[in-house]
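Student: Could you take me through the salt bridges here, with a close look at the pairs and how covered they are?

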Amino acid sequence: MAENSKHIILKTENLSIGYQSKKVTSVIVENINLELKQGELIGLVGANGIGKSTLLRTLTTIQQPLEGHIEINDIPLKNYAAIELAKTMSLVLTEQLMSKNLSVFELIALGRQPYTNWVGNITEEDKSIIHNAIERTNLSELKHRKCFELSDGQLQKVMIARALAQDTDLIILDEPTTHLDMYHKAYILKLLQQLARDTNKTILFSSHEIDLAIQLCDTMIVMTNNGVISDTPCHLIEKGVFETLFPKDLIGFDKKTGSFRVKK
């Protein structure tokens, strides 16, 4: 598919994010202009405290924008009813799971809630979608296990499968590789890359694994003290964007290898 012909799933125009009280407005970042395209894996990166979580909370309606406009599938985000938004956007957050006594299948089946009737009955079509999500995330051998029996990496795969079962155009994940070792960090991000390609869903994730994101993402959103820039990893490297992320006294970025290094 030609780059310019890809459908834009999420778009922001002159978006300002931050916090507002009766007396004070605290702007974290302003004039954010993004276009997230169908079937792409997009990594959101930046230094600690730069505003990544605030941006994700704003894009997912957890908090309101200070200014600007957000659209999903050409519809203003503010116009979505909760049930319709749940059929369009699914979330994988870092909060601890409330009940790990559910089986893997039961937890993934919760992704079908926006589509079930008020009794919550699962149809044969729902079951087919759930099984498809299980197969795509390589969880078939674990589907009858209880979630409290799983490792952190396995549980993260289950949460991704639940988002897949929700069958939305857009999946947003907040730091999906937290608490995982290097192998499982790479495994989860590689899985997300494969899912974006195979399902044509748009997958946005925030991460501190910048080196991995550079290797695997179609597009990256980089938050710096000077604002927010979005482009392909190669173009961002050419522009020297990654060299501005951290103080230069300790961490440097090697354009040839596309990776960070500690200065000797």
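Tutor: Sure, definition up front: a salt bridge is a side-chain nitrogen of Lys or Arg within 4 Å of a carboxyl oxygen of Asp or Glu. Keep in mind that this is a predicted model, where local features need pLDDT of at least 70 and side-chain atom pairs count only at pLDDT 80 or more, while totals for chains, interfaces and linings use all residues. Residues are numbered from 1 along each chain as its sequence is written, and side-chain values use heavy atoms, with hydrogens and water left out.

Searching the whole structure turns up eight salt bridges. One of them joins the side chains of Glu149 and Arg145, at 3.7 Å from N to O. For cover, buried means under 20% relative accessible area, exposed over 50%, and partly exposed in between (1.4 Å probe, protein chains only). Glu149 is partly exposed because its relative accessibility is 40%, and Arg145, at 31%, is partly exposed as well.

Now for Lys185 and Glu209: their closest N and O atoms are 3.2 Å apart in a salt bridge. Lys185 sits in helix α6 (residues 182-199) and Glu209 in the loop between β8 (202-206) and α7 (210-216), so this pair ties together parts 24 residues apart in sequence. Those helices and strands are DSSP runs (H or I, at least four residues, for helices; E, at least two, for strands), numbered from the N terminus. Both Lys185 and Glu209 are buried.

Asp231 also has a partner, Lys239, with 2.7 Å between the closest N and O atoms of their salt bridge. Asp231 counts as buried because its relative accessibility is 17%.
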